[in-house]
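User: Could you take a close look at one helix pairing for me? I'm new to this, so please explain the terms as you go.

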Amino acid sequence: MNPLDGLFYGFSVCLTTANFLAVIGGAIIGTLIGILPGIGPVGAIALLLPITLGMRPETALIMLAGIYYGSMYGGSTTSILVNVPGESTSVVTAIEGYQMAKKGRAGAALAIAAVGSFIAGTLGLVLLMLFAPMLANYALSFGPPEYFAIALLGLFALSRITGAPFWQSLLVLGFGLALATVGLDPVSFVSRYTIGIIQLAQGIELVPVVMGLFGVAEVLCVAEQAGGLPQIVQTKFRELFPSRPEWRHSWGPIFRGSGLGFFWGLIPGPSTVLSTFASYKLEKHLSKHPEEFGKGAIEGVAGPESANNAASAGAMVPMLSLGIPFTPGAAMLLAALLMQGVQTGPLLISARPEIFWGVVASMYIGNAALLILNFPLVGLWTSILKIPQSILLALILLLTMVGAFAINNSMLDLVVLIVMGILGYLFRKVKFDVAPIVVALVLGPMLETTMRESLYMSRGELSIFITRPISGTIIGILLLFLVGPPIWNIMRRTNKRVPGKAS
Amino acid sequence: MQRTLLGVNIAALLLSVLYLVGALGYPTGTLDRPGPGLYPLFNGILLIVASIGSLVANLVRPVEGELHLPKGKDLGRVLGVTAGTIAYVLLLPYVGHLLASMAVVFIVLHTMGLTSWPFKIGFTIAIALSSFYLFDKLLNVPLPRGIIG
C-alpha cells in the first residue's frame, strides 16, 4: 500500500463513530493532562490502559496516541498563562511565553504555539508516513542479533542522553532491567526473583510501575509543595491574533523546529523534552536579536512548541515499524498494543494496516481538532487550574489506584504502585531520572530473548553481534555513544592545558 | 546532598550484590545453551559496575546543592497522602472499593488542608461514588464489594 492509499484507508478507519470519538476524546483528555501539573502523558496513558482493554486495538491506540500528542498542546497553555509547565516538554515555552504574557501578548503566544504545534504535528506525520513503512520493510531482514543490538543501543543511548550523570542513569537503567527479570524467564519459564510470592511469577506489570513512578510520585511532590492557586493571566478571544511581525518571526522557527524535532524523536531518550531545548538554542543562535531571548521572544515559543510535537511523531517511527520504543510514551503505546494481543514489529504495518494507517490518519484529525479546541477554549482550560488542589489530588490518586488494580484485579499491583510511588518520589529528591526504568522494563524481556536466541543461532559465538553487518554497525554506534563523550572531554581538557592550543 | 547520594550509591551497591548472588542461584548454562541465569548474571555485573561507577564519580566530583527534604507541615502532607494510599490497600479486600476509596479521599482532603467538614464529607462521598459508578457500572471493571456486598 503506498502512503496516499494508506492514508485514505486510514481515514476510512478513523471516521467510524467509535474511532472518531476516540480521537476527539483522546485529544481532550491529553489537553487536560497537559494543563494539569500532575500525571503527565505517560501516567495518563497508564491510567487509561485498563479502560482501553474493551476496545478494538486500533480504537485503543488512536485514543492513547491522542492523549500523547494532546498533552503537548495542553502543556503550552499553562506555561504561557501561569508560568507553570503542565509537563516537562513545556518548560522552555514558559521562559518566553510567560514573558510575552506579562507584556500583554499572551494571546499571540498561545496562537503561535497552537499553529506551530499543528504545522509541526502535520509535517511530523508526513515524515512518519514515509519513514515508518520504509524502515519496517528494511527490518523484515532483521534477526535476533539485530534486534538485540537495536534494543541495547536504545537503552544505552538513553542513559547517555537523559542529561543525568552517566553512571547514575546506567544504575537506574540496570534497576529497570532487573525489575524486568522478576517472574518466569521468557525462554525456559524458570521462576526468578519471586521471593516465594506466587503472584510475582507473572512478572512485575508495567502499568503500576509507571503509574507509581510518574503519577503517585508527582502527587507526593505536589502535596509537599502545596502552593496556593496560581495567578492566571487573563486572555480575551480578540487578543488571540498575532501581529504581522510576530507571524513573520515565527515561520522560520516553526519549520526549523518541525524538522529538528522529528529527527530528535528518532533518537532514544526523552526526545520531546530535549528537542525543545535544542530548538530554543538554535533559534537564539540564529536570531538577529539574541538579547531579546528571556524577555519574550516569540521565536522561543514557536520553535520549541513545534519541536516537541514533531518529536512525538518521530518517536512513533521505531515503535510502529520495529516494535521497539525509545521513549516512555512510546513504550506505553506499545504496551497497549501488546495487552491487546497485537503482534508488534515490522509486520505490523502490512499485517494490521488498520492500526498503523488508522493511527496516522487519526493524528491528522486530532491535530486539527486540537487547533480548534485550543483557540476558543483557552479560558475553560485555564479555569481548571482553579479547582482546589486537595480535590484534584484526591481524584488523581484514587483514579491511579483503581486504574492499577483494574488491570489484573490484583492486590500485588497496588502494592507495586505504592512502592514505586514512594521510590519515584525519593528518586526525584536525589535527582535521579526515572524514564530509563520504563523503557528498560519494556525492552528487558526482548533484550534477554534476542540475546539467548542469537547465542543459540551462533552456537555460543559472541562474535555474531559484530560480524553481521547491521548489528555490527549498530554495536559500533553504541560504542561511539559510550566512549565518544569521555574521549572528547579528555581531548578538550588536554587542549586547554596546552597554552598554545587554547587559543 | 553529597552524603545522601553516597548513601544511595552504597545501598544500590549492596542491592546489586544481592541481585547478582540471586542470579548465581539460577543455572547459567553455557554460551551455546544459555540458561535462565545468564542474562541476570550480565545484568548483575552491569548493576555492580554502575553502582561503583556512580559511587566513585560522587567521590571524585562531589555534587553541589542541598537535598530538600520536607519538614514540618510539608512532611505531614507527604506522609498523610502516603498513609491514604496504604489505607486503601489495607482496607480494599475487607470493606470493598466504595468504603476504601472514601477513606483515601477523606484522608487526602483532610491532609491537604480542606477545613470545612461539610465540604470534606460531601466531596468524599461524591468522589467515591463517582469512581465506583465510572469503573464498576460504566466500564464494567469488577471492583471488590467487601462488607456492603
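Analyst: Here is a walk through one helix pair and the chain contact it belongs with. This is a predicted model, where local features need pLDDT of at least 70, side-chain atom pairs count only at pLDDT 80 or more, and totals for chains, interfaces and linings use all residues. Residues are numbered from 1 along each chain as its sequence is written, while chains are lettered from A and ligands numbered from 1 in the order in which they are written.

Our pair is H8(A), residues 166–180, and H20(A), residues 435–457; helices here are DSSP runs (H or I, at least four residues), numbered from the N terminus. Their axes come within 7 Å and cross at roughly 45 degrees. Those axes are lines fitted to C-alpha atoms over the stretch in contact, with angles running from 0 to 180 degrees between N-to-C directions. The two helices are therefore oblique to each other, meaning neither under 35 degrees (roughly parallel), over 145 (roughly antiparallel) nor 65 to 115 (roughly perpendicular).

Who touches whom? On the H8(A) side, the residues include Val172(A), Phe175(A) and Gly176(A), and they meet a set in H20(A) that includes Ile437(A), Leu441(A) and Gly444(A). Contact means C-beta atoms, placed from the backbone, within 7 Å. By class, this contact has 11 nonpolar, 3 polar and no charged residues. Nonpolar covers Ala, Val, Leu, Ile, Met, Phe, Trp, Tyr, Cys and Pro; charged covers Asp, Glu, Lys and Arg; the others, Gly among them, are polar.

Now zoom out: chains A and B each put 51 residues into their contact. H8 and H20 are among the chain A elements giving two or more residues to it, though H18(A) gives the most, with 12 residues.

How values were computed. Two residues are in contact if their C-beta atoms, placed from the backbone, lie within 7 Å.
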